[in-house]
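Here is a short report on one protein chain. Keep the model open beside the text and check each residue as it comes up.

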Amino acid sequence: MTPDGGCPPLSVASGEHVGGRISWEVDYRRLVLTIRLTGGVTDDDLTGGIPEIWVRHPEVLDCATLVDARHLTGEGNYGWRGLRDVAAAWRRFAMGRDMGTKVAIVLRDTLLAKLVRAVSFDYPGSVFRIFFSLDDAEDWLGMR
């Protein structure tokens, strides 16, 4: 309870897409959305799970994004279709209001880095950086 008897403001919201391969946390204090991709994420996971975040938390448009894909595995067979569909959904959601938004993607696979670089062109308003260290990504986003 706050001194005036109200509820304290929510500082963190979290959720998970069906199947648990996509989860997220919105840190309202730092204005950072963290998306975690785990295991065998599929194109359907991407096209259903990522836009679900925006529906539940439309205020993430004001947030930087940290995508933690260090625990992503290849058996889900995600690919261009899922990544391009997510990019199209983002453009419809953001409607150009994402200019200068930072997106840090943390990977452990250099092949995936090439795919992410190619997809980053589908987000013309955002500034993408790829990292192989979570600490470096958090530093770039100003989280530390």
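## Threonine 34 and its surroundings

Threonine 34 sits in strand 3. The coordinates belong to a predicted model. Is threonine 34 buried or exposed? Its relative accessible area is 7%. Buried means under 20%, so threonine 34 is buried. Setting aside neighbours within four places in sequence, threonine 34 is in contact with Ser23, Trp24, Glu25 and Leu66.

One of these partners deserves its own look. Serine 23 belongs to strand 2, which covers residues 22-27. Its relative accessibility is 18%. The cut-off for buried is under 20%, so serine 23 counts as buried too. Which residues does serine 23 touch, not counting those up to four places away in sequence? They are Gly15, Glu16, Thr34, Ile35 and Arg36. The contact with threonine 34 thus appears from the side of serine 23 as well.

## The chain as a whole

The protein chain has four helices and six strands. Along the sequence, their order is β-β-β-α-β-α-β-α-β-α. The radius of gyration is 15 Å, close to the 15 Å that the globule rule gives for 144 residues, so the chain is as compact as a globular protein of that length. Along its principal axes, the C-alpha trace spans about 55 × 30 × 30 Å.

How much of the chain is buried? Buried residues account for 49% of the 144 residues. The accessible surface comes to about 7900 Å². Carbon and sulfur atoms own 54% of that surface. Now take the contacts between residues at least 6 apart in sequence. Of these, 69% join residues at least 24 apart.

## The cavity

Rolling a probe the size of a water molecule over the atoms shows where empty space is left. How many cavities of 30 Å³ or more does the structure hold? It holds one. About 510 Å³ of space lies in the largest cavity. Its lining counts 28 residues, and those closest to the centre are Val67, Leu83, Val86, Ile105 and Tyr123.

What kind of residues form this lining? The split is 25 nonpolar, three polar and no charged. Several elements contribute. Strand 3 (32-39), strand 4 (64-72), strand 5 (101-106) and strand 6 (126-131) are among those that each supply at least two lining residues. Helix 1 (43-56), helix 2 (80-94) and helix 3 (110-120) each do so as well.

## Two residues with positive phi

Most residues other than glycine have a negative phi. Asparagine 77 has a positive phi of about 60°, although it is not a glycine. Methionine 95 also has a positive phi, about 45°, and is not a glycine either.

Where do these two residues lie? Asparagine 77 is in the loop between strand 4 and helix 2. Methionine 95 is in the loop between helix 2 and strand 5. For exposure, the cut-off is over 50% relative accessible area. Asparagine 77 has 62%, so it counts as exposed. Methionine 95 has 60%, so it is exposed as well.

The table sets out the accessibility of the four residues discussed.

| Residue | Relative accessible area | Class |
|---|---|---|
| Threonine 34 | 7% | buried |
| Serine 23 | 18% | buried |
| Asparagine 77 | 62% | exposed |
| Methionine 95 | 60% | exposed |

Technical notes:
Residues are numbered from 1 along each chain as its sequence is written. This is a predicted model: local features need pLDDT of at least 70, side-chain atom pairs count only at pLDDT 80 or more; totals for chains, interfaces and linings use all residues. Side-chain values use heavy atoms; hydrogens and water are left out. On a 1 Å grid over the protein atoms alone, a cavity is a set of points where a 1.4 Å probe fits but cannot get out, and a pocket is an open set with protein on both sides within 12 Å along at least five of seven lines; lining residues have an atom within 4 Å of a point. Grid points are joined across faces, edges and corners, and a volume is the space filled by probe spheres set on the points. Ala, Val, Leu, Ile, Met, Phe, Trp, Tyr, Cys and Pro count as nonpolar, Asp, Glu, Lys and Arg as charged, and the others, Gly among them, as polar. The radius of gyration is taken over C-alpha atoms; the globule rule is 2.2 Å times the number of residues to the power 0.38. Buried means under 20% relative accessible area, exposed over 50%, partly exposed in between (1.4 Å probe, protein chains only). Contact means heavy atoms within 4.5 Å. Accessible areas come from the Shrake-Rupley method with a 1.4 Å probe; for residues, only the protein chains shown count as cover.
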